[in-house]
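Reader: I am in my first year and would like a close look at one part of this protein, a single helix with the charged pairs and the core around it. Could you take me through it carefully, and explain each term as it comes up?

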Amino acid sequence: MQLTNVLVYPRYPESLERLISLAYNLWSMWDGEARSLYRRIDENLYREANNNPVQLLHALPEERISELASDRDFLSEMDRVWRRYQEYAGKGSELGDAFGESTVAYFSMEYGLHASIPVYAGGLGILSGDHLKGASDLGIPLVGVGLYYRNGYFRQHIFADGSQREEYVSNRIYDLALTELKDGQGGPVSITVNIRKQPVRIRVWLARVGRVRLLLLDTGVHDNPPEYRAITENLYDARREVRLMQELVLGFGGVQALHAAGVRPSVFHLNEGHSSFLILQRLKELTGEEKLSLDEARALITATTVFTTHTPVEAGNENYPAEMVTSFLAPEVEALGMSMDRFLSFGSLHNSSTFWLPAFAIRFSRHVNGVSRLHGEVSRRMWKDLFPQRMTCEVPITHITNGVHHSWLGGPMRELLDRHLPPGRLNSADTAGLAEAVDRIPDEQLWEAHCRCKQDMIEYLRDRIEKSFSRRGYAPVNGVRTDRLLDPEVLTVVFARRFTAYKRPTFLLADRDRLKAILTHARRPVQLVFAGKAHPADSLGKGMIKELIDFARSNGLEDRLVFVENYDSLLASYLVQGADVWLNTPLKPFEASGTSGMKAGLNGVLNLSVLDGWWPECYNGRNGWAINSAMTVENREARDAVEAEQVYGLLESEITELYYEHREEAVPRRWVRMMKESLRTVLEGFTINRTLERYVRRFYLPAAREGRRLREEGGREIKELVYRAEQVRKLWDSVRIDRVRTNIKDRDILFAGEEVQVDCEISLDGDSGSLFAVELFSYRHEEDNFSSIPLELSEQQSGRAWFRGGITLRAPGMQGLSLRLVPADEQLRTLHPELVKWFTL
Ligand SMILES: *Cc1c(COP(=O)(O)O)cnc(C)c1O
């Protein structure tokens, strides 16, 4: 039988219009008062609807709807929340106003906005979601672009034997806070992307994230043949060709979707390499409609593109065999008038047989960053080959450390902060007065708020475990009824994250007897909560889940070590709010950032973490605990043991002693002091507001300004830039540093305060001296940093130019000095990083 499925939406009375409209804005999922409004309608239904107002409204019986429609109290609360939103959305901000007419397009493969919209897998998606929420809070004109996956990411089921099974559940789009994007005439927007010359139709869903819009592309359109309909079925499809097609849809279709939504972005931010093909779409548009040359288009794109890398392992970066890319893209690339070889060279890293999406993105981005200080360093090393003429320390990849949105705050903690922080502080990047405000919170109140969050978490976990057990007909664990599982009085350590080898989920099993003794200590026991999905293809990750469950079972510790299935953002929020200690044990340096620890820290939960990712930037000895990484120990098992030893030691003494102080006193004073320190340091340094402020000031605004400048007067500046580039490239082979005189010749010992003076002569064509710069480069070994001081062009004749200058040596230590010739124009140095000629002094 052939059924035609249509979506039938309920009709609501006019008086509830605002309620419906608010439900379709994700703001209502994180604003405390909006949440109360929906919860008040029907507490149980709200919970069953995953705290999703749209689903709740759809589940309401008609009588309840008419009741609400004439409930004066309810309507006035609805109006109050409505006005609250209007006030929120109308609020100006200095950061937002600085953009003028400019808009930022933000591209990401996944978005974790709410558990009800499962188009995310993990940290990358959650970060993208927080980025949009933060942009809304700060009034930054930003539009998100992503894909709508009909099956989302898999649901995890854990069986009694500890094995994981994946279930793919089709999203019920009808119940999600998404509407179809409409064009000017009110009809649904339809976009077409050609893949191997075949048209693929795309529909576009719109999510309202406060005042920010997110466009989600969906190929599940009737007119598409089944293989195209399937493109956006599953997040991170393991089939390479499907993945490539997803990325073509995201890149090509995403830019078109923005146009359909009336957006002409000034800046494009690529969150990871998946969206890199948007560069190709921009090349196409700029050389087509706007009639720029390829070089001009590249110059403009580079000036206005921001790229964020998240993956500290080379192999984890998105890449395809060159033949596969050619088979998909040859027509597109040739239509541009570019050879396929040249196109492939933009994505090459060590050789031309593999096309790396991040390499392609980096070569077209003026602004590139990693997501923590440490990850910035790792990224400079990892992408060093893209800049063969540069030293690692000057590879143009900086860092902007991730942050988290305040919607991760637990209810009691939020109430407390609302009472004590300066008003509006959670929605701003301003950190003045935070330290004092946190300090003034009475210990008792902070401890009480934490205990309430912990109680909420435990109740939620019991309920969740109970449900999944009864669904499968399992008996209570170890004779403990699930409604008694987990003791609120016991120190609770949580490990919740993707189960993958480098995160080392079974780290604590290094010495099982010792762990058992810690968990069952008579006076200072510890309980552990684990959660996390293993990728369907990761048998190692799945094995680790089983190992933990087996350990608990075979030692009768099922009430001390609990594994909770199906880690998602809802479970994550309970865990980061209710844990006492947040454990993170990555193998350094593979944790790029690690945002769950920030969420925990924001709730006053104390981090116990390897000094990797964000933690070295936050840890100060008073706000949690650090595990030093035994990076010099080569043998993996030995290394794990050395690091685990530190954790056992801390759990056996310091951590449990501090925590159980409250057995004697009502409040564990020293613990609470650490909680405050954790709160303060995360609020000051690791909120998404702070992160966004940095993106705005360092990347977005300069890129928007530069794009405007280049486009002025019909693109005169671009034309001049490209003309200069041609000149420099034409002359490059013949220009060279000829003769150098310095006052340090033959000296290898110098003293601080001495000045190094350099005179040099370069030979070149004609009087092109002003096209080039000579830099005195100095590298400081101990700090691994550099400075490059331009010498002054002192004289030039036809065929010769003289440069002169110097530096004063300041701090002592080993320094490397050298001279180098580069293009004088800074933009050219970005566009052509290969144009460097070194000269040994
Ligand atoms: C925050 C979060 C993550 C990322 O946390 P890490 O610390 O990077 O492991 C992953 N999944 C969910 C559901 C989250 O909420």
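Author: Let us begin with R716 and E713, which are 3 residues apart in helix α29, so that about one helical turn separates them; helices here are DSSP runs of H or I with at least four residues, strands are runs of E with at least two, and both are numbered from the N terminus. The model is predicted, so local features need pLDDT of at least 70 and side-chain atom pairs count only at pLDDT 80 or more, while totals for chains, interfaces and linings use all residues. Residues are numbered from 1 along each chain as its sequence is written, and side-chain values use heavy atoms, with hydrogens and water left out.

The side chains of R716 and E713 form a salt bridge, with 2.7 Å from N to O; the term means a side-chain nitrogen of Lys or Arg within 4 Å of a carboxyl oxygen of Asp or Glu. Side chains of opposite charge can pair when their charged atoms come close. R716 is partly exposed at 36% relative accessibility, whereas E713 is exposed at 58%, where buried means under 20% relative accessible area, exposed over 50% and partly exposed in between, for a 1.4 Å probe and protein chains only.

The helix that carries this pair is not straight, since α29 has a kink of about 120° centred on G714, the bend being the angle between axes fitted to the seven residues ending at a residue and the seven starting there. The end C-alpha atoms of α29 span only 44 Å, although a straight helix of 45 residues would span 66 Å at 1.5 Å a residue; the expected span is 1.5 Å times one less than the number of residues.

Helix α29 also has a place in the protein's interior. The largest nonpolar core has 179 residues, and Y38, I195, L329, F343, Y700 and I762 touch the most other members; such a core is a set of buried Ala, Val, Leu, Ile, Met, Phe, Trp, Tyr and Cys residues joined through side-chain atoms within 4.5 Å. Helix α29, residues 688–732, gives this core its largest share, 17 residues. Leaving aside residues up to four places away in sequence, Y700 touches F99, V104, Y106, H131, L142, V267, H269, V306 and Y695, contact meaning heavy atoms within 4.5 Å. A separate core of 99 residues lies apart from this one, with A449, L509, L606 and V667 among its members.

For comparison with the pair inside α29, consider salt bridges that join separate helices, out of 59 found in the whole structure. K284 and E332 meet through their side chains at 2.9 Å, N to O, and because K284 lies in helix α12 (residues 278–287) and E332 in helix α14 (residues 322–335), the pair ties together parts that are 48 residues apart in sequence. Of these two, K284 is partly exposed at 32%, while E332 is buried at 13%. K676 forms another salt bridge, with D443, and their closest N and O atoms are 3.0 Å apart. This pair links distant parts of the chain, with K676 in helix α28 (residues 669–685) and D443 in helix α20 (residues 443–472), 233 residues apart, and both K676 and D443 are buried. Finally, salt bridges can also be found linked together, as in the network that connects R504, R636, R639, D640 and E643.
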